[in-house]
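Biologist: Could you take a close look at a single part of this model for me, and set out the cut-offs behind each term as you go?

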Amino acid sequence: MRKNLGPGVDGWAISLRGMMSIVVLMGFTICFLYWWVNKYVPLPKRSRKKKEKPKMGTMESLKFLVSSPYIRDLATLVVAYGISINLVEVTWKSKLKAQFPSPNEYSSFMGDFSTCTGIATFTMMLLSQFIFDKYGWGVAATITPTVLLLTGVGFFSLLLFGDPLAPALAKFGMTPLLAAVYVGAMQNIFSKSAKYSLFDPCKEMAYIPLDEDTKVKGKAAIDVVCNPLGKSGGALIQQFMILTFGSLANSTPYLGGILLIIVFAWLSAAKSLDTQFTALRKEEEHEKEMERAAVKIPVVSEPESDSIVGGSLPNPESGDLTGSSSETSTKETI
């Protein structure tokens, strides 16, 4: 639509009105569906009451995280993802605005970015089952930090050492800034698709072998401490860097170093958690095998004629009960 507008027409204003009209339309659609479901769709019957999640304060959650190495490693994964994706995304968007200062160009690029993210996520959803079946939990858990590590190195390298690479990039019709924007876009696309298809399932699967008490308390502790810390930790680090070095551009080398440290800590926690997860699963399977082996098999008693071996039948008149005693003893033995 913007390409066909006449001169002097504000294309961004038209785009904004169109997008907000779609938002309002979708809002009314959600309201209608909500009303229709509550009016005409019967509620499902619950077979049992859902267990209430314990209410844990911040200090109680911290104590529980410190006391359990398994939950501590799981918490490290959650915090590391939140901080690293925040560090990369904010830095990338600052470069994206520098490359596309026009709102129309920025909006167009973000539309393509969202489309690619959806396609990549759907593809990874199809591949995730194969990865879990073929390579196991440990490999699936390390894919997300590995993607962030590789693309993060490329992104920050282009920002820090882009000038020497400018002649080579010019052959492809790109500047170091544009190349950094594309690499940052790839990083966000692949990290988010890996997060939805691999990281989240790995996190939920890690709770399975735990006992009920540890499982419930661990989830509560991670919800109270780790999720907010992961989301706000990256912002706090960036604010500290900006106050210290004056701008986000001056902080870029240090943000790259912090990202490397966080990703390596993430990989270490994933490796440790994989060892504990595998041990717990083996222990769980061993307990199930022991339960199956403990099932009693009923024994059928032998016929009476076979129970008397080499002896004569008892004679009630003579009082000979040898055969009867032998038979009784044999039955008791059986």
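Modeller: What follows concerns the largest pocket, with a shorter word on a surface patch afterwards.

This is a predicted model, in which local features need pLDDT of at least 70, side-chain atom pairs count only at pLDDT 80 or more, and totals for chains, interfaces and linings use all residues. Residues are numbered from 1 along each chain as its sequence is written, and side-chain values use heavy atoms, with hydrogens and water left out.

The largest pocket holds about 220 Å³ of space; a pocket here is an open set of points on a 1 Å grid over the protein atoms alone, where a 1.4 Å probe fits, with protein on both sides within 12 Å along at least five of seven lines, and lining residues have an atom within 4 Å of a point. Its lining is made up of 13 residues, and Y81, G82, K195, N227 and K231 are those that lie nearest the centre. The helices α3 (69-99), α6 (176-205) and α7 (212-245) each give at least two residues to this lining, and α3 provides the largest share, with 5 residues; helices are DSSP runs of H or I, at least four residues long, numbered from the N terminus.

As for the surface, F32, L33, W35, W36, V37, Y40 and V41 form a nonpolar patch with about 720 Å² of accessible area together. Of these residues, V37 is found in helix α1 (residues 11-40), and V37 counts as partly exposed because its relative accessibility is 40%, a class that lies between buried (under 20%) and exposed (over 50%), with a 1.4 Å probe and protein chains only.

How values were computed. Patch = residues over 30% accessible without salt bridge, like charges linked within 9 Å, V, L, I, M, F, W, Y side chains within 5 Å. Areas by Shrake-Rupley, 256 points an atom, 1.4 Å probe, with all protein chains shown as cover. Salt bridge = Lys/Arg side-chain N within 4 Å of Asp/Glu carboxyl O. Points joined across faces, edges and corners; volume = space filled by probe spheres on them.
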